[in-house]
Amino acid sequence: MSEQLESGAPTFLDKFPDEAAVVRAALWSSFIALALGAVFGLIQALHRTDVLRLIDSTDYYTVLTAHGVLMVVSFTIFFLVGLFTWATVRSFDRGVESIRYTWTWYGLMVAGTLMAVVAILGGFVPQTDISADVLFTFYAPMQAHPLFYGGLAIFVIGTWLAGADYIWTWRAWAAENPDERIPLQGFMVLTTMLMWYVATIGIAIAVVAFLLPWSLGLFDQINPLLTRTLFWFWGHPVVYFWLMPAYLLWYTVLPTIAGGRLFSDPLGRVVFVLFLLLSTPVGIHHQYVDPGIAEGFKTIAMTNTMFLLLPSLLTAFTVVASVEHGARQRGGTGLLGWLRALPWRNPAFTGMMLAGLMFAAGGFSGMINAGMNINYLVHNTIWVPGHFHLTVGTAVALTLMAATYWLWPQLTNRRLYSRPIGLAQVVIWFVGMGLMSNAMHVQGLFGIPRRTAEPQYEGFDFVASFGSVSELNLQLAIGGTLLFISTMLFVTNIALSAGTPKLSGIGQPLSEPLSTVDDSPEILDNLKLWFGIALVLVVLAYALPLASIIDRGGLLGPGVDPVPMIVEPVAATIEPTLGRLAAAVGSVVP
Amino acid sequence: MRRTTQGGILVGCGVLFVIVWEIRSALGLLAGVDTNPQLYMLLTLAVVGLTAVALAIGLIGLRPEPPADEDAQ
Amino acid sequence: MNIHNYEKIWLVLSMLLIIGFISTVVYGATAVGIEMVNDEGGTIDSTALDEDDRFSEPRVEKVGEDEYEAYVVARQFIFEPNPIEVPANSTVTFYVTSPDVLHGFEVVGTNANAMVVPGEITELTVEVNEPKEYGILCNEYCGGGHHTMEGKLIVVPEDEFELGDSNDE
Ligand code: HEM
Ligand SMILES: [Cu+2]
Ligand SMILES: [Cu+2]
């Protein structure tokens, strides 16, 4: 990285020390969640494949809830708010309006996370009645402790305030620069947050109007199809909420690292506008095989989903074109020969490229999920986790880790502890995910279910059309172990970086796009317009299905009682666990 | 002799390993060919190992051009 | 706005791809006749399944020439009836519901796979051919014993099939 170069330019930390502190805090929250989540991920990978069972199988679901929530709520979203704070402040080139306000929303997000995590981990402590073994989808009428729903609500409110912070900065900037176009990173942040406001309507209603009061006992019946549909109203766009930080990095940071410039700024804007418009009215594609929803509504969701491929396909083009441009700037030539002129030894670059490669594979398996009829084959099988560990679990997670190798020096004025370890880390992730996700996809095609502690049944066996189920299990477990190792290398590398000497003048300015915003229509920057259209599309896609669900089952359900998820007291969890650990170790080391 | 950097070998071989290994699943699922897992793994490792050695001694070259610039990022 | 020619070509190809996908699904739904689970199963009071003549006694019934209906209850952590017996070479419509939480209904190794939601009745029609035994499993997390929730679908030769077999227990 430029540390050695000492470009002389100021870093983000030099220019905005207060904001840099918030960004670092948010990123650290994110990494802690990632590290914890990886521990749980490893337990799952070993447990469900029967390689090593350290916990009781009923506790598997506590672990799985923690893994899901920590990874896709805490890790991704804390990173997002950190990155977006950096991108907003950097691109508008002005500090936040009130740093106290900024710390406030960060504090709310931390408080919300802690509440939810306490409720989840309470599942391990039989002495309390606090538990939330409801997985990250918390489908009613399974009921979690109110702390869980309350924590989620507070967390989401924190993200809303964060969005308001970015809008506040933008408005203040616009007042002083009335005739200027919104800078690209700012534009990406704002469109993403607007999408988030649309998307969270669903989860806010589900949690605040139904689940929280219901868990407090204010009423005791609920319409499970309604809360499930509201969950997926949010549950699909959240996928893009995870993805947009990675896109922002691919569009605005990757070209610089590759030594080139973004191909086209306006096209980047078009892509983000498309996501704002299309990512919400598709959630019903998670409910293709649900009862109570007419086929027509499912078809509409399917069609919208297919069109949602467009912005990602456009992104693939732009990213490859920009990287190629970088390679040619560095002297690369030939039809494919330019590939070798790229900075492959830079973990930030290689990590993002490997993430992009896996995203292409994930996109492919995603198109299969999106086909309504093929969905019968793969719905709720382990194929699905196989798919999203490529998308959110790699395209996003690996990009965020790789980008950290570039961003962290800008936030700390310190060099990365070790670049070679960083490079090894991203490659280990790629190989580990290659194995784990491959095994998951294949097992899914054999009908092996997801979210299952022991996918071994008494009355039948799964038929492997090639190889064997146990071989796939081993592959999954090895892949999961590599992923765990990779995560630990990442977190350790960042932590150790705090011990490297302070440097100055290591700022890395981002390069300007080849085709700038100036020659693109003004209407692209009309955020009010796009937000309005997005709302209309959501109403069109959801008004009728929701009305029909309420009409069928009532707001509070056709007589469905709550089923609290309090695991039958697992007799002294700790002791048998230690016993099993000892036995397992004993069998390895005779 | 055009030697590839250690980093380059690591990245290239990581990607090669995943691609070669996943061809086994593709063969099994799409073509119905059931390869022996141990044998296939050994073959995969052999292909990847040989490629690594060949890259390291410069038999096949992927030396980045321009070379000096590598660390500039 | 200046759009590069390559970008335009890519855009067109992308749109073609997307339209291609949609057409295959539509083709599957219309020409091949793959129906999605939909809202036609109707609703039910899930706290009073025993007052419903279909689900108070989960069973298989004959409703026409080679046509059968199976009323199935998925509950923590069993399927009723178990096993579900149907004759070979027939059309079977499953009606599945739940008195407690969400479940999945997956006939392993086939594409019979649907969600079961309390308050709703999942309607799913399948064709069965040769005599064969299939596993059934729950593929939606439903509580601490979720991984033990399984059942069986037995397709028996037509001449050995007797109604009522399946609710012996
Ligand atoms: C350390 C590396 C990781 C390992 C070993 C791992 C392992 C696993 C395994 C084995 C499952 C399947 C459990 C089951 O369905 O029975 C799973 C589920 C899941 N993983 Fe990971 N994972 C890792 C990283 C990630 C990352 C980085 C993300 C997202 C950012 C993620 C998100 C999820 C989600 C959302 C689920 C589904 C939870 C549910 O079904 O409720 N994982 N993981
Ligand atoms: Cu989705
Ligand atoms: Cu279940």
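Reader: What volume does the largest cavity have in this model?

Author: The model is a predicted one, and the structure holds four cavities of 30 Å³ or more. Of these enclosed spaces, the largest cavity has a volume of about 100 Å³.

Reader: Which element of chain A gives the largest share of the lining of the largest cavity?

Author: Among the residues that line the largest cavity are A:Val69, A:Val73, A:Phe148, A:Leu152 and A:Trp234. By class the lining has 11 nonpolar, no polar and no charged residues. The elements that give two or more residues to this lining are helix 4 (60-92) and helix 6 (146-176) of chain A, and the largest share, four residues, comes from helix 6 of chain A.

Reader: Is A:Phe138 buried or exposed?

Author: A:Phe138 is one of the residues lining the largest cavity, and it lies in the loop between helix 5 and strand 1 of chain A. Its backbone has a positive phi of about 30° although A:Phe138 is not a glycine. Because its relative accessibility is 5%, and the limit for this class is under 20%, A:Phe138 counts as buried.

Reader: How many Å separate the C-alpha atoms of A:Phe136 and A:Gly459?

Author: A:Phe136, which also lines the largest cavity, is found in the loop between helix 5 (99-121) and strand 1 (142-143) of chain A. With a relative accessible area of 19%, A:Phe136 is buried. A:Phe136 and A:Gly459 are 323 residues apart along the chain, and the separation of their C-alpha atoms is 30 Å.

Reader: What is omega for the peptide bond that joins A:Ala140 and A:Pro141?

Author: A:Pro141 has its place in the loop between helix 5 and strand 1 of chain A, where A:Phe138 also lies. The peptide bond joining A:Ala140 and A:Pro141 is cis, and its omega is about 5°.

Reader: Where in chain C is the place of C:Pro83?

Author: The peptide bond from C:Asn82 to C:Pro83 is cis, with omega near -5°. As for its surroundings in the chain, the place of C:Pro83 is in the loop between strand 3 (78-80) and strand 4 (84-87) of chain C.

Reader: Which element gives the most to the lining of the second largest pocket?

Author: The second largest pocket holds about 840 Å³ of space and is lined by 28 residues, with A:Ala361, A:Phe364, A:Asn438, A:His441 and B:Glu22 lying nearest its centre. Two or more residues each come from helix 14 (347-370), helix 15 (372-378), helix 16 (383-412) and helix 17 of chain A, together with helix 1 (6-31) of chain B. The lining divides into 21 nonpolar, six polar and one charged. With nine residues, the element that gives the most is helix 1 of chain B.

Reader: Which residue of chain A forms a salt bridge with C:Glu140?

Author: Side chains of opposite charge can pair when their charged atoms come close. For C:Glu140 the closest N and O atoms of its salt bridge are 2.9 Å apart, and the pair crosses between chains, from the loop between strand 9 (132-137) and strand 10 (150-156) of chain C to the loop between helix 17 (419-445) and helix 18 (469-497) of chain A. C:Glu140 is buried at 2% relative accessibility, and its partner is buried as well, with a relative accessible area of 7%. That partner is A:Arg451.

Reader: How many salt bridges are there over all chains?

Author: Within chain A, the side chains of A:Glu97 and A:Arg94 meet at 3.3 Å, N to O, where A:Glu97 is partly exposed at 32% and A:Arg94 is buried at 16%. In chain C, C:Arg59 and C:Glu61 meet at 2.9 Å, and A:Arg181, A:Asp265, A:Arg269 and A:Asp525 are linked in a network. Over all chains, the count of salt bridges comes to 16.

Reader: What distance separates the centres of domain 1 and domain 2 of chain C?

Author: The domain assignment of chain C gives domain 1 (1-34) and domain 2 (49-167). Taken over C-alpha atoms, the separation of their centres is 38 Å.

Technical notes. Residues numbered from 1 in each chain as written. Chains lettered and ligands numbered in written order. Predicted model: local features only at pLDDT ≥ 70, side-chain atom pairs only at ≥ 80, totals over all residues. Heavy atoms only, no water. Domains from an automatic or database assignment. Salt bridge = Lys/Arg side-chain N within 4 Å of Asp/Glu carboxyl O. Buried < 20%, exposed > 50% of the residue type's maximum accessible area, 1.4 Å probe, protein only. 1 Å grid on protein atoms, 1.4 Å probe; cavity = no way out; pocket = protein on both sides within 12 Å on 5 of 7 lines; lining within 4 Å. Points joined across faces, edges and corners; volume = space filled by probe spheres on them. Nonpolar A, V, L, I, M, F, W, Y, C, P; charged D, E, K, R; others polar.
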